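Biologist: I am new to this structure and would like a close look at a single part of it, the short stretch around one backbone turn that seems odd to me. Please take me through that part slowly, and then place it in the whole.

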Amino acid sequence: MDDLLKRDAALLWHPYASLTEPSPTRLVTGASGVRLTLDDGAGGTVEAIDAMASWWCMIHGYRNPVLDAALRDQIDSFSHVMFGGLTHEPAVRLGERLVELTPEPLRHVFFCDSGSVSVEVALKLALQYQRARGFAGRTRMLTVRGGYHGDTFAPMSVCDPVNGMHSLFTGALQEQVFGPQPPAGFDRPADDPEYLAWAEAMRALAAVYRDEVAAIVVEPILQGAGGMYPYSPACLRLLRELADEYGFLLILDEIATGFGRTGTLFASEHAGVDPDILCVGKALTGGYLSMAATLCTTDVAHTVSGGPGGALMHGPTFMANPLACAVALASIDLLMASDWSAEISRISAGLSTGLAPAASLPGVKDVRVLGAVGVVQLGGPVDLPRMTDAVLRRGVWVRPFRDLVYTMPPYVCTDEEIATICTAITEAVAEGN
Ligand SMILES: *Cc1c(COP(=O)(O)O)cnc(C)c1O
């Protein structure tokens, strides 16, 4: 087994990693329910609760019998066909289901293979939309600092310019319009001075760049990989207002927040704001296969279709892959058949109680919980190998980044498993960084 790790290290890129100075990597030999089975390097294995849900995805747990069966059934029928000139039942049914569950004005669906590509498609839709309306000069995006929208070039251009390491790609990235990060905190009232100052800054930017901006693009309510940072629904309402005032589209990236994670099915519901374009991914297939979707309103769909080109110019090879559609349908059905809202509240309460003791530890700057997301923010960068090890010794898998040790557990975690996650994180942080 050790041999596999050696072969991996010399051969394979891992996310955001060096090939010459690889960070420690562990070998997974199995996964079931909420647990990963890891090779212990000594001829045995250890089990760990996956507190990351494989980066937001694995909401129903590994080897879920319902999802396994849905995939097997689809394999017995057919696994893939091109989507040019062909369609199939899993795609039609999944499209209908997404339209039914997402905010009302969203009526049309583009399937693609990853979150980043769904953001590419959203930006492309916005550009084609503005061009079709005679605003060919509207080619930039208005966003806020602290965002994360994926790793391909167009999404990268709307990621936070510092965390997103724009300096590595100067000259190769489109220069977007960045407003300040919304003030921290879900509960911040709309008459709060920091909120008012932020709103003023956004209003000013929208006015200055009114002829250049095609769309506003943000992660609603919770910025994910940019900093696990919740902000007030009032901010989102302001962005909707600005979009309406200036004729920008509002693109909401719910790739991380979608399917219940923040306590509502989609995070925009906290604000009662409807986007013109919505991106979903990650938990869409319950973590089984890579798939994402871009939804849009009939106005956007018809305007783009009636514009120059007469079509949306995108078409991935694996568009609407039947296996991915089938497992996504099964995952959504499973979620909707559950009392998901109560489950998220239960996990949220468990995280709040369990992580509270961390707030008074030395070196801890902030502890915050929104829905089924729990975050311990330290005073400085996390020692990644040390922290990962310290949490893993306590039976839990986490993947901290920057100054954040955090969890977004599978929805099927028991209260006891949530408590184990919180204790492991709190004790590991208490050991010092
Ligand atoms: C993960 C993520 C993406 C990118 O999705 P990939 O499937 O990794 O390409 C985009 N936006 C948000 C908010 C994400 O969390």
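Modeller: Helices (H or I, at least four residues) and strands (E, at least two) are DSSP runs that are numbered from the N terminus. What you see is a predicted model, in which local features need pLDDT of at least 70 and side-chain atom pairs count only at pLDDT 80 or more, while totals for chains, interfaces and linings use all residues. Residues are numbered from 1 along each chain as its sequence is written, and side-chain values use heavy atoms, with hydrogens and water left out.

The part in question is helix α2, residues 53–56, which holds W55. Although W55 is not a glycine, its phi is positive, at about 60 degrees. Most residues other than glycine have a negative phi. With 40% relative accessibility, W55 counts as partly exposed, a class that falls between buried (under 20% relative accessible area) and exposed (over 50%), judged with a 1.4 Å probe and protein chains only.

W55 also belongs to the surroundings of K282. Leaving aside neighbours within four places in sequence, K282 is in contact (heavy atoms within 4.5 Å) with W55, W56, C57, I255, A256, G287 and M291. K282 sits in the loop between β11 (277–280) and β12 (292–297), and its relative accessible area of 26% makes it partly exposed. The unreviewed UniProt entry annotates K282 as "modified residue: N6-(pyridoxal phosphate)lysine"; such annotations may be inferred rather than shown by experiment, and their positions are given in the numbering used here, with feature names shortened.

Further along the chain, the loop between α2 and α3 contains N64. N64 is buried, at 11% relative accessible area, and it touches Y288 and L334 when residues up to four places away in sequence are not counted. Beyond α3 (65–77), the loop that leads to α4 (89–101) contains M82. That residue is exposed, with a relative accessible area of 51%; between the C-alpha atoms of M82 and A326 the distance is 15 Å, although 244 residues separate the two in sequence.

For another case of a positive phi in a residue other than glycine, look at I221, where the angle is near 70 degrees. I221 is placed in the loop between β7 (213–218) and β8 (222–223), and with a relative accessible area of 0% it is buried.

Now to the whole. The protein has 13 helices and 16 strands. Its radius of gyration is 22 Å, close to the 22 Å that the globule rule gives for 433 residues, so it is as compact as a globular protein of that length; the radius is taken over C-alpha atoms, and the rule is 2.2 Å times the number of residues to the power 0.38. The C-alpha trace spans about 65 × 60 × 45 Å along the principal axes. Of the 433 residues, 52% count as buried, and among contacts with a separation of 6 or more, 71% come from residues 24 or more positions apart.

One element that illustrates such burial is helix α12 (residues 384–392), whose buried residues are M387, T388, A390, V391 and L392. These buried residues pack against several elements, including β2 (35–39), β3 (45–50) and α13 (415–430).
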